[in-house]
Amino acid sequence: MADEVILLDFWPSPFGVRARIALREKGVEFEYREENLRDKSPLLLQMNPVYKKIPVLIHNGKPVCESMNVVQYIDEVWSDKNPILPSDPYQRAQARFWVDFVDTKLFEPADKIWQTKGEEQETAKKEYIEALKTLESELGDKPYFGGDTFGFVDIAMTGYYSWFEASEKLANFSIEPECPTLMASAKRCLQRESVVKSLHDSEKILAFAYKIRKIYCV
Amino acid sequence: MARSDVKLIGAWASPFVMRPRIALNLKSVPYEFLQETFGSKSELLLKSNPVHKKIPVLLHGDKPVCESNIIVEYIDDTWSSSGPSMLPSDPYDRAMARFWAAYIDEKWFVALKSFLKAGGEEEKKAVIAQLEEGNAFLEKAFIDCSKGKPFFNGDNIGYLDIALGCFLAWLRVTELAVSHKILDEAKTPSLSKWAENFCNDPAVKPVMPETAKLAEFAKKIFPKPQA
């Protein structure tokens, strides 16, 4: 029986893009459904009653929520190709730790960068760069967080990489001088086929970000 | 495995520290428990967890593993041949276990913690509403995950049981402090039964703090809220 895979998503979302990348890394055919977050579909509300957020992966009628949970699920179901998590227990623990760091330490400052201005935005920029520097230190001289191969932490970060340019322009700062090796890894990730197919171009994301800022009256 | 090969940096009162302790007990892994003094952080802790500087930290040989739920999965992965598996084998059930464990930390426990600090009646009412919603979600999750068995993980306690069960002592302390039944058998009968079974599990009993001792400790660290 063929798998039915549906992804409820929102095109600029740095979280939705993670699920898209994972599905494409595994060569999984899926139906992409665009959600209007200002008018959420009954299906979204039914499939994610707890958070009412995207992405939601619906696999043969059963929902999986929370982006990195979705990525892990995809890795475990379609385990025959392009492993996303390492097989060694210690390496797996390290990958999970850094994904937790990414989602705990980057999330709020990243949001505040495009939602605020003035001093609040300056503080957010500092926190964001500090977190990125910690990540750069963990990356070291590896091409990817996963080592030689694109993996779990790289997928988590690519969501944020896709918003780097928009964040830099909105808040008038530059990430590369602060984190050159992280930027080099980001560029490598952004060129990957599964990523290119999953992302909209940065001009579109920037235009979206400006639109949202108007809504936040910034 | 030599006893000194596995160490856990933690503290008796921390529900997060309880998680790996239960997991190590389930896998019959002997370990050295290195207790931190409340209010200060040891050199070893700061060296082993430079990013967050928090307990628990598992030291396996000289390799540190941080973040309680991540440590539990590491223990399950590493000592996979001892004791029952702490996560289900089906990927969908595993995704459910991870989803609810994250929900518990991000929403449910945050609400529980804020109850002890809540000041006026309005604040208390809001927290009660959050917890009731959370408990309703967890009651349904328990029914879905347990599939008629006594625990979220089935016949034996596992990752999700540990993720929620570690808070039961603090839940009892909070109920006493605020004079309000948070886990109510009338509203969440399955969850209440599960809580009783969890606390009686031999892997849990030795590491679950006594309510009276924890209540004394809570008075020290949570100053009385301004009404």
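Two residues are in contact here when heavy atoms lie within 4.5 Å of each other. With that in mind, welcome to a set of close-up views of a predicted model.

**Figure 1. The two domains of chain B meet face to face across a shared contact region.** Chain B is split into domain 1, residues 6–79, and domain 2, residues 91–221. Start with the overall spacing: the centres of these two domains of chain B, taken over C-alpha atoms, are 21 Å apart. Now look at where they touch: 16 residues of domain 1 of chain B are in contact with 23 residues of domain 2 of chain B. About 1,900 Å² is buried between domain 1 and domain 2 of chain B, and carbon and sulfur atoms give 72% of that area. Which residues of domain 1 of chain B lose the most area to domain 2 of chain B? They are W12(B), M18(B) and R19(B), which together make up 32% of what that side buries.

**Figure 2. Charged and polar pairs link the two domains of chain B.** Between domain 1 and domain 2 of chain B, the count is 2 salt bridges. A salt bridge to look for joins E73(B) and R98(B), whose closest N and O atoms are 3.0 Å apart. Across this interface of domain 1 and domain 2 of chain B there are also 5 residue pairs in polar contact, both partners having pLDDT 80 or more. On the side of domain 1 of chain B that touches domain 2 of chain B, the elements giving two or more residues are α1 (15–26) and α3 (68–78) of chain B. Helix α1(B) supplies the largest share of that side, with 9 residues.

**Figure 3. Chain A and chain B come together at an interface between chains.** How many residues does each chain bring to this contact? Chain A brings 24 residues and chain B brings 25 residues. Together, chain A and chain B bury about 2,200 Å², with 66% of it on carbon and sulfur atoms. In chain A, the residues that lose the most area to chain B are Y51(A), Y90(A) and F97(A), together 26% of what that side buries.

**Figure 4. Salt bridges and polar contacts cross from chain A to chain B.** The interface of chain A and chain B has 5 salt bridges. You can find a salt bridge between E76(A) and R94(B), where the closest N and O atoms are 2.8 Å apart. There are also 7 residue pairs in polar contact across the interface of chain A and chain B, both partners at pLDDT 80 or more. Strand β4 (62–65) and helices α3 and α4 (89–115) of chain A each supply at least two residues of the side that touches chain B. The largest share of that side of chain A comes from α4(A), which gives 11 residues.

**Figure 5. Helix α3 of chain A is mostly covered.** This helix runs over residues 67–77 of chain A, and 10 of its 11 residues are buried. Among the buried residues of α3(A) are S67(A), V70(A), Y73(A) and I74(A). E76(A) is buried in α3(A) too, and you may remember E76(A) from its salt bridge with R94(B).

**Figure 6. D9(A) sits in strand β1 of chain A.** Is D9(A) buried or exposed? D9(A) counts as buried because its relative accessibility is 0%, and buried means under 20%. The side chain of D9(A) makes a polar contact with the side chain of R20(A) at 2.6 Å. Leaving out residues up to four places away in sequence, D9(A) touches several residues, including G16(A), Y32(A), E34(A) and I54(A).

**Figure 7. Two loop residues of chain A, S162(A) and N60(A), are shown in turn.** S162(A) lies in the loop between α6 (152–161) and α7 (164–171) of chain A. S162(A) is buried, with a relative accessible area of 7%. Apart from neighbours within four places in sequence, the contacts of S162(A) are L190(A), L199(A) and I205(A). N60(A), in the loop between β3 (56–59) and β4 of chain A, is partly exposed, with a relative accessible area of 33%. Where does the side chain of N60(A) reach? It reaches the backbone nitrogen of E4(A) at 2.7 Å.

Technical notes:
Residues numbered from 1 in each chain as written. Chains lettered and ligands numbered in written order. Predicted model: local features only at pLDDT ≥ 70, side-chain atom pairs only at ≥ 80, totals over all residues. Heavy atoms only, no water. Helix = DSSP H or I, 4+ residues; strand = E, 2+ residues; numbered from the N terminus. Buried < 20%, exposed > 50% of the residue type's maximum accessible area, 1.4 Å probe, protein only. Polar contact = N/O pair within 3.5 Å; in protein donor to acceptor, adjacent residues only side chain to side chain. Domains from an automatic or database assignment. Buried area = accessible area lost by both parts, 1.4 Å probe. Salt bridge = Lys/Arg side-chain N within 4 Å of Asp/Glu carboxyl O.
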